Structure formats: structure tokens, C-alpha cells
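User: I should like to learn how to read a protein model step by step. Please give the general idea each time, and then the case at hand.

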Amino acid sequence: MKNKLPIIVIGAILITVFFTLDLHHYLTLDYLKSSRDALQSAYHAAPWKIAGAFFLIYVAVVALNLPGATVMGLAGGAIFGFTTGTVLISFASTIGATLACAVSRYLFKDIVERKFAQMYEKVNRGIKEEGAFYLFTMRLIPAIPFFVINLVMGLTRMPLKTFYWVSQVGMLPGTMVYVNAGKELGEVDTLSGILSPGLIGAFVLLGIFPLAVKKIVKRVRKVRASN
């Protein structure tokens with residue numbers, strides 16, 4: 001317990017500071033839209049510094065299960081563009097998710113197991129039957145909340161390195177969809193821009209992506225079962 005205490009204290013301090021200073025105000029869509037120009041200017045003036053700060057904040061938000069990850073996904077596209085935004089968010093979200101999984105496994109296993117007992121039984125059964133593919137499908141189809149997957153997977157025997165690479169690959173398509181939506185949103189300067197084909201297409205893609213993936217995964221499972 002002594003080895004775990006410093007990590008628990010640091011996490012508790014970070015969460016307390018986040019809510020005490022009302023930092024979640026900066027992780028809202030309204031703040032993103034009002035500060036987009038200033039954030040883009042700061043990025044162009046000091047790209048490595050701003051990108052590095054964004055990366056670390058995103059890792060912390062995901063690892064500590066703080067609100068704002070979705071908005072930060074849109075912000076990544078709006079500030080950095082599609083390619084840079086995708087790279088930053090893909091790695092930051094996966095590292096953060098792996099840290100959350102590790103914390104669940106090594107620090108709060110008993111608490112998480114009590115809170116998500118039924119979910120754990122279902123996930124553990126799925127892992128035994130389908131292995132890493134089960135996690136892959138959960139990452140592709142956000143039927144279970146992102147943070148719950150991280151916590152519950154910490155109760156399984158899946159190696160963290162497997163959890164990392166499967167999450168990296170499985171979350172990439174969704175990351176690209178969100179970053180693209182953020183990029184299009186970031187290019188809206190006038191009211192008429194809201195009706196631009198690019199923005200409309202980006203948000204239509206946000207809506208149909210989970211449904212399309214669900215059908216594809218269902219077909220893949222049928223093929224796997226028949227072999």
C-alpha cells in the first residue's frame with residue numbers, strides 16, 4: 001500500500017485542482033469556438049510547445065477519467081488540422097486509456113470489481129471467447145462508455161501491451177472521424193459556413209459511423225463463427 005499511496009495522492013490532487021479551479025470550463029465546445037483563433041495563433045507561434053501541452057493534458061484527462069475528452073478531440077482537428085490532430089489524439093488517448101487500465105488493475109481492482117461486477121462478467125466472457133478481437137469491437141462500437149472499458153479491462157488478464165495496441169488500432173477510425181469534424185468546425189467563420197458540404201458531411205459521418213461499424217463487425221463475427 002505504501003508504494004501505491006504516492007500515485008493515489010498525486011491523482012487525487014490533480015482531480016481536486018481540476019474541479020476547484022473550474023478547469024473543465026476550458027474543455028467545452030463554447031470555449032473552443034470562442035478561443036479558436038487565439039489557440040491557432042499560439043500553435044503557429046510555438047507549435048511544439050502547444051502540441052506538447054495539448055498531448056499531456058489529453059493524456060491526463062483520459063487517465064483520470066475527467067470530462068472533456070470528446071471536446072478535446074474536436075479541438076485537435078480545429079487547432080492542429082486533420083493529420084497532426086489525429087496523431088496527437090490517437091497516441092494521447094491510447095496512452096491515457098492504458099494508464100487508466102493500469103490504475104484500475106493495480107490500485108483499485110477491488111473497488112472497480114464491486115462497482116462493475118455484471119459488466120466484468122460479460123467482458124471477461126467475451127475476452128475468453130474472442131480474445132483481443134472482443135476489445136477491438138468495443139473500441140470500434142462505443143456501446144460501452146470509453147472510461148468503463150478502461151476500468152473493466154483492468155480486471156481481466158489481458159496484458160497491458162495487448163490492451164495498448166488493440167486500443168490504438170480500434171480507436172483510430174473513431175478518432176479520425178472526430179478530428180475531421182473538428183477540422184471542419186474550425187473552418188466555420190460565418191453563419192453560412194455552418195451549411196458547408198464539408199461540415200455537414202463530417203457530422204453525418206459522426207452519426208453513421210457507429211452503425212456502419214456495427215454491421216461490419218456483425219458480418220466478421222459470422223465469418224469467424226463459420227470457419
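The dialogue below takes up the overall fold, the confidence, one helix pair and one residue.

Analyst: This is a predicted model, in which local features need pLDDT of at least 70 and side-chain atom pairs count only at pLDDT 80 or more, while totals for chains, interfaces and linings use all residues. Residues are numbered from 1 along each chain as its sequence is written, and side-chain values use heavy atoms, with hydrogens and water left out.

User: How many helices and strands does the chain have?

Analyst: Helices (H or I, at least four residues) and strands (E, at least two) are DSSP runs, numbered from the N terminus. Here the chain has eleven helices and zero strands.

User: What percentage of the residues is buried?

Analyst: Buried means under 20% relative accessible area, exposed over 50%, and partly exposed in between (1.4 Å probe, protein chains only). Of the 227 residues in the chain, 41% are buried.

User: Which elements have the lowest and the highest mean pLDDT?

Analyst: The pLDDT is the predictor's confidence in each residue, from 0 to 100. The chain averages 79, and 74% of the residues score at least 70. Helix 11 (residues 197-226) has the lowest mean among the elements, 64, and helix 5 (residues 82-106) the highest, 93. Over residues 188-195 the pLDDT is below 50. Where pLDDT is low, the predicted coordinates should not be read in detail.

User: At what angle do the axes of helix 3 and helix 4 cross?

Analyst: Two packed helices are described by the angle between their axes and the distance between the axes. Axes are lines fitted to C-alpha atoms, for helices over the stretch in contact, and angles run from 0 to 180 degrees between N-to-C directions. The axes of helix 3 (residues 47-63) and helix 4 (residues 69-80) cross at roughly 165 degrees and come within 11 Å. Helix 3 is therefore roughly antiparallel to helix 4, a term for angles over 145 degrees. Contact means heavy atoms within 4.5 Å; the residues making it include Phe54 and Tyr58 of helix 3 and Met72 and Phe80 of helix 4.

User: Which residues is Lys109 in contact with, leaving aside its neighbours within four places in sequence?

Analyst: They are Ser104 and Leu155. Lys109 and Leu155 are 46 residues apart in sequence, yet 6.4 Å apart in space, C-alpha to C-alpha. Lys109 lies in helix 6 (residues 109-115) and has a relative accessible area of 37%, so Lys109 is partly exposed.

How values were computed
Angles under 35 degrees count as roughly parallel, over 145 as roughly antiparallel, 65 to 115 as roughly perpendicular and the rest as oblique.
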